[in-house]
Amino acid sequence: MFKKVTLALAALLVALGVQAQEPTGGVKGSVVSRTDRAPIQNAAITLVQGTVTVAETVTDEQGAFLIPHLENGMYDLIVNAAEYLETRVNVNVNDGYVKNLFTISLTLVKSEVTDEFFEEFDMDDTGYADTPTILFGQNDVFNNIAGYNFSAVRFRARGYASETQDVYVAGVRLNDAVTGYSPYSLWSGLNEATRTKSSVSGSEISDYGVGGYNGLTNLPLNASNVRTGWRGSVLTNSALYRLRLMLTYASGRLDNGWSYAFNASVRMGGNDWVRGVYYRSFAYYGAVEKFFNDTHKLGFVFMAAPGERGKANASTQEVYDLMGDNMYNSNWGYQNGKVRNSRVSITHEPIAILKYDFTPSDKFKGSATLLYRFGRNGNTALDWYDAADPRPDYYKNLPSYFYMENTDYKRLNPAKAAWARDSWDYQIPEIVHVDWDRMINVNSQNYEEGERRAKYIVQERRVDQKDFNAAVNFRWRTAKNFTLTGGADIRVNQTEFFNVVNDLLGGDYFLDVDNFAERDFAAYPTMVQNDLDYFMHEGHARKVRKGDKYGNDYYAQIRNGNLWASGRLTLGNFSANVAGRAGFSAFWREGLVRKGLFPGVTETGAQIIWNGQSITTYDDEGQPITSYGTSKVQKFFTYSGKVNLNYVIKGGHRFYASGGYFNEAPHFNQAFMSPRTRNSVVPNLTTTKILTGDVNYQFSSNGYNVRLTGYYTTIKDQSKVMSFFDDSQNSMTNFAMSGIDERHVGLEFGFKVPTFIPNLSLQGVLSYGKYIYTSNPKMYQTVDNNATIVADTYGVTIPYWKSHPTEDGGTVQHYVPSTPQLAASLGFAWNKNYWFIDADVDYFDKAYLDMNPLYRTDMATAGPDKMVTYTEVDYMASQEKFDPAWLVNVSVGKSWYIHRKYQLGFSLNVKNVLNNKSVKTGGYEQTRIVENTSGKERYYRFDPKYFYMAGTNYMLNIYFRF
Amino acid sequence: MRKILYSLAFAAVLLVSCEEWEPVFTKYEDEPTFKPVEMTPNITIAELKALYQKEGDPVKIDEELIIGGQVVSEDRSGNIYKELYIQDASGAISIKMGQYSMYNDYKPGQWVYVKCSGLTLGSYSGMLQLGFMDPSGDYETAYLEEKNIIATHVFKGKLDTPVQPLEMKEADLVEALKEGSLKSDKFGRLVTLKGLKYNGKIFCLVYIDYDKDTKLASNRIFLSDQTYGVTTWAMTKNGFLAYLNAGNFDKATSSAPYYPDRASTSVADLKDILIKNASAYSVSQYFIVGKTDVQIRTSGYARFADSQMDPRILTGEVTIDVTGILAIYNGGIQFTLIDENSISINE
């Protein structure tokens, strides 16, 4: 109110002034967001001369403003808008002209996508990381606040998996071909080059493609979209790495039509919270672009984020309690007194982009993009052959392995448990950390035939992609109120999965045989070979040395193609958008080595013969089980359709609704029973079907910014594959689930409103959902060593997946895990004179632990006596709910203009001010069971493993623009 | 401008230098650091064993006793497992380590010292073992097992040439049996027995359901007093299944019905259950030297469990010499092969 009055008075004063003098000079322009170039409405424009305010106004719906009737002279124009940093521009009005400043772009207060989003959950061996939903950089009040405040607890918008979020680069969808995961880690450290982006959320329709149901973000990455000028920054933080240095330069569009830009950074060091974790990461980006005229434009981009990163691991609560530290990391240990991490990600995956834009008129624009991703993606891990498990938090090293109060466990030796507790209490380094020195001693003493045969090595699991993409897009305004967009794309991906010897740890060679196969088939020399062809040719197993491939080696071959179109009709305040996509997806496995367990047949179809006997094995349908060569091609027809309706009421109100149906192909990583070893496909593989709808209300005016959304989504027929040691089978097994159905329903509310104190806004978000499993999927379990079907767990339903019964006749629902289903934040934002201060209190609840399907089977709940009781079902099938958590975050920042030419600024973010160290952010259940119980009536679970959030941590960023 | 650049550079230098910002090193020399422990034993293995007086009465050692000996066992083949046999001039003893793949850390011939204080000396069917106290009472000693217990009690000394096996004739065996396991210094030693002749019978205990009470007589099927056509040293799970499916054990029975609804307690009538519950099984192959029985007991988890014995051994055409650990089991000689190379055929 106060502001309104001041504005009105100011306008009046200006108007009075105009009448008196009527000078003809002025200044005009339009204000846009730097991230997506979207116009910013209601930005406050203040024109000052020295300390005197000359004029004030606000921008209109197109972000435009005009201050007329100015006398010639030097002015400072100050632009303020909610959620954006205050920006100053100096204006020289002369000769009585209206000076056109064209566009003034504003930077979001909190626009750093920090690396914490790429901190990986190392839950599988694929070398892939799962990352949470990234909401940043969208011009939306909910997403901006939730994106920043909820990232630390790995919040996923609407409970959707991260791979449902479409990420486009220069108009090409770049979600991982093998897993579908969002590819942000490919450009981590290139914050400046990737700052400009445009996004839609939910199932809104984007200009770049039909998209899915969890938003679409496009990063243009072209040179002319990088902010002109130099910018350098120094960043230090306490939760990830010690230091980041970054330098950026962009030329802007030069008179000769060229633009060029580069961005480079280095991230180094460890952090205060997790030992063994470190960064040695670099990033580079170079782009050139040529405007041949207003019609033709050609751009080229080359970038990558190479480097090494030491990773953290999850442990059980017992281990964390013993260490007195929920941030304990079991991956590292001392080698000759120095800290060494066994799990390091080593990557260098460049992306090259060539993009051509064609804009023959203001009614039509088209583009064509070629994109190629290649390089190496590796993750190291310990590998060992016939030697003790070197992982320090292995269950046999813990007190609970020796003594449990419940005598049914048959763990009855409290004295041994006391010794084990001492190991951890005194933190004996050889026991509570990886004992590198011992492994090197073992290797260097293990002479076989005159050479040191390594028993422990560091392996590097490689997932190297060759990913070729081509896409064309167009946007055609056929009539004043109708716009047609559309495009086509193809993708050819060949990803090689293999292992490499990274470090022999003092040994001379490692023998390429299968340790697990040897346990069952030691008397059958062909069956233990990882490379049977080599063995049959040479008569002995292959000795591998540093840099050699070993273990397994296969291609994922993936081919995709899509056609899509979208039409947008506008009738007054009402608009409707209809979009559709049709495509195909095909993939197959191509084994590059012949494994002894599954030799298959020769090229001519003959059996493989060794010592006069056939060693070819067959599945239940009489087909040879094959490790070498190509599998059956899996083909899927996919399609999707969407409708968006939008109604705008004057005064900043907007109602909109979306609906969509999607029929999506499964990913390669969900399709093979045991891709490391054989071509067998998961039975009944089918497409995933998603039906979604949402209704939204938005209000945006005079510094008020509110959004309310309700959504409803069903996801059907998902599948999942895993491999684990099954104690009841006493062997490694492959486990596939299909027909996993989910329902996600909930609401999102976000607001930012001015308060009676000038420049102070109140802001908050609420995300409240119910994300549940609605089906009991089918399971297919096979024994890894011989592909035989496990009778009781093949092709049968997992009875306690979606819920489990209780003795009193009730039902306990099971939830979609790994995100809080209730997340709320309330705080204030103050922004004046290049200062900003933000403080927020967050609350999270209803987060659940990821479930292991084995614990929901009849086998596990029945126990050895095969008798199912309510007690057993409730014990075994229950899902853990995490404790609710409170968090407080504070940010402060300031920037200074120096000589009207340079800008120096800083931002300091302090997260988790209350130093809450007991917030679980994720984890998983182990698949193992305690089977040898004294009563032989029931099984017990192994303890689950958790990831925790760091305590109080800061990030200080100092930047300089010139 | 220059000042600002300088101050930024200064800030960067400050950040780099004031913290250990690279706490993890990544360039390693994989140099071995093993330093053998030097210790002086204050008691011989025989003297230690002499502390054990009576079967069923394990001895907890409280004195600071240190024994030292050379490693004579090796678990590479998996036939000996979780136990480490050390031997000095006076005798040999098994240390119940409770670890797998110990051959990586303890080499044949290597000196090993044991601080016995806190450990328990006990017997298993006549064989003396040094282990940890077992409050469950199932055994006289428990495995040491826990890394900290091992680290503070069992010390690795210098590598040395492997101990030569002691050659024993029938008379020596008879004498050792007569002295008994507590008196004789032969048990637990690495020995070579010569001229063993196949005696045409095996012993093997099969469980109908491993998951149930394995002490129930009705859950047990004894394969004994004949060969059952078993021509391997032992049976892995796959080996057991092969014999089972071929009908080798069809006539064997348990002493009481485990599944009353079955026609009989014979393997033939329980075959579907036995296939489902199949497991690896140890087998004792009976040999004879002179008039003395020697059962060679091999674990179903040994790598050579499924290896076929030379047919000439089975027909009695040839005798064999074996090297391994001499043990006593219920008053008879039980012999444990180190690995498949421990057998040599007398052509």
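Reader: In what order do the strands of the open sheet of 4 strands in chain A come?
Author: Keep in mind that this is a predicted model. The pairing in this sheet of chain A is antiparallel, and the twist averages 25° from one strand to the next. Reading across the sheet, the order is 3-2-5-6.

Reader: Which strands stand at the edges of that sheet in chain A, and why is one side of each left without a neighbour?
Author: An edge strand here has a single partner strand, so one side of it has no neighbour in the sheet. In chain A, that goes for strand 3 (52-58) and strand 6 (87-93).

Reader: Which residue stands opposite A:A44?
Author: Start with strand 2 (residues 44-49) of chain A, which pairs with strand 5 (residues 73-80) of chain A in the antiparallel sense over 5 bridges. So look in strand 5 of chain A, where strand 2 finds its antiparallel partner. Opposite A:A44 you'll find A:N80.Reader: What is the bridge partner of A:G333 in strand 25 of chain A?
Author: Now we're in an open sheet of 3 strands in chain A, with the order 20-19-25 and mixed pairing. Strand 19 (residues 332-335) and strand 25 of chain A run parallel, joined by 2 bridges. The partner of A:G333 is A:V434.

Reader: Which helix of chain B gives the most to the side of chain B that touches chain A?
Author: The contact takes 46 residues from chain B and 56 residues from chain A. Several elements of chain B supply at least two residues each, including strand 7 (127-133) and helix 5 (237-246). The top contributor, with 6 residues, is helix 1 of chain B.

Terms used. Residues numbered from 1 in each chain as written. Chains lettered and ligands numbered in written order. Predicted model: local features only at pLDDT ≥ 70, side-chain atom pairs only at ≥ 80, totals over all residues. Contact = placed C-beta atoms within 7 Å. Pairing = 2+ DSSP bridges. Axes fitted to C-alpha atoms, helices over the stretch in contact; angles between N-to-C directions.
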